Amino acid sequence: MKTAITELFGIEHPIIQGGMHWVGFAEMAAAVSNAGGLGIITAVTQRTSENLANEIARCREMTDKPFGVNLTFLPSVTPPDYPGFVKAIIDGGVKIVETAGNNPKRWLPPLKEAGIKVIHKCTAVRHALSAEAAGVDALSIDGFECAGHPGEDDIPNMILLPLAARKLKVPFVASGGMGTGAQLVAALALGAEGINMGTRFIATKEAPVHENVKRAIVAATELDTRLIMRPLRNTERVLTNAGVERLLEKEKALGSKIVFEDIVPEVAGVYPKVMKDGDMDAGAWSCGLVASLIDDIPTARELIDRIMRDAEHITRRRLTGLFDGAHAPANTLA
Ligand SMILES: Cc1cc2nc3c(=O)[nH]c(=O)nc-3n(C[C@H](O)[C@H](O)[C@H](O)COP(=O)(O)O)c2cc1C
């Protein structure tokens with residue numbers, strides 16, 4: 001399939017693996033890129049620019065296909081070495097960057113000068129428009145269904161994507177809740193040029209995380225994610241567990257008096273405990289509603305091939321057929 005996104009990034013399929021803290025290592029990015037999608041390494045997990053440079057070099061050894069690096073700009077007491085990260089990206093010859101968390105304007109000049117294409121991920125059309133005005137090449141429109149930070153507007157993709165299609169000039173992908181070929185077709189119908197997935201890629205063979213994490217995603221239903229940190233206006237969608245329920249109790253008890261320090265035990269340093277050690281009650285980690293649609297752990301290639309096969313089948317057999325008077329029942333399709 002050719003779309004504005006496959007052409008922009010030089011990839012085979014319009015499927016991107018979004019940056020993921022403690023998941024987006026070289027193994028994950030290379031597996032997705034080797035399968036014809038766009039894999040992305042997460043810079044903040046690497047902590048230093050030297051580590052990031054090594055991770056980029058490791059990824060290059062595992063794939064000769066395009067891959068990207070995610071730069072997440074979040075408020076932090078001691079911000080990561082962003083200038084060092086940008087230098088490691090440029091020196092490492094990476095040609096695609098996914099930005100998120102804040103307007104990437106400040107970082108665009110050096111990236112653009114190095115010929116790097118930038119896709120910015122955001123959860124509101126107004127933010128997408130400012131990133132577009134700042135000069136990004138593409139956008140990743142992250143709906144309320146998404147894992148991680150959905151923003152504070154709570155607009156699901158069924159509305160957010162057509163709104164984006166009305167306003168944006170640069171191509172965009174649908175992010176949040178994506179995991180199947182049917183959803184890819186829906187996203188394309190709503191104006192997107194592809195999809196971005198996080199949660200779905202964690203439940204793949206190559207995802208470098210503990211098996212408990214993959215099993216938890218497979219077991220999760222649509223009722224198992226929670227929104228935390230809403231009173232702090234830093235909402236995050238996570239999978240429920242003992243730590244998360246404890247955090248929510250604190251939010252209820254403290255109301256508007258809650259401050260970040262109150263929830264540090266449930267949110268700080270949790271990722272390595274979950275992703276590396278498989279301690280599933282350690283605290284809050286991002287997980288999307290799409291977990292409810294995930295019931296297996298395929299390889300990244302099997303997953304991407306299935307999505308593309310189903311998308312083609314749905315388009316050719318069901319959608320085109322409807323106009324020709326041939327009725328293929330929807331429930332026989334993915
Ligand atoms: C475990 C996990 C960690 C994530 N960490 C980051 C991150 O560090 N930076 C970022 O921009 N997005 C992060 N995301 C969000 C994903 O890149 C992607 O936007 C999101 O997962 C899309 O929603 P989905 O999970 O429904 O596919 C994370 C997602 C997950 C599941």
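What follows is a quick walk through two unusual backbone spots and one helix pair in a predicted model.

Start with the two backbone spots. W22 isn't a glycine, yet its phi is positive, at about 65 degrees. This tryptophan sits in the loop that links β1, residues 15-17, to α2, residues 26-34. Is W22 buried or exposed? W22 counts as buried because 20 other C-beta atoms lie within 10 Å, and the cut-off for that label is 20 or more.

D154 has a positive phi too, in this case about 60 degrees, and again the residue is not a glycine. Its place is also a loop, this one running between β6 (138-142) and α8 (157-167). The surroundings of D154 hold 12 other C-beta atoms within 10 Å, so this aspartate is exposed; that label applies at 12 or fewer. In short, W22 is buried, whereas D154 is exposed.

The loop holding D154 leads on to α8, and that helix has a packing partner. Two packed helices are described by the angle between their axes and the distance between the axes. For α7, which spans residues 125-134, and α8, the angle comes to about 35 degrees and the axes are 10 Å apart. The crossing of α7 past α8 is right-handed.

Which residues of α7 and α8 meet? On the α7 side they are V125, A128 and L129, and on the α8 side L163, A164 and K167. Sorted by character, the residues of this contact come out as five nonpolar and one charged, with no polar ones. The charged residue here is K167 of α8.

Note on methods: Residues are numbered from 1 along each chain as its sequence is written. This is a predicted model: local features need pLDDT of at least 70, side-chain atom pairs count only at pLDDT 80 or more; totals for chains, interfaces and linings use all residues. Helices (H or I, at least four residues) and strands (E, at least two) are DSSP runs, numbered from the N terminus. Axes are lines fitted to C-alpha atoms, for helices over the stretch in contact, and angles run from 0 to 180 degrees between N-to-C directions. A crossing is left-handed if the near helix is turned anticlockwise from the far one by less than a right angle, and right-handed if clockwise. Two residues are in contact if their C-beta atoms, placed from the backbone, lie within 7 Å.
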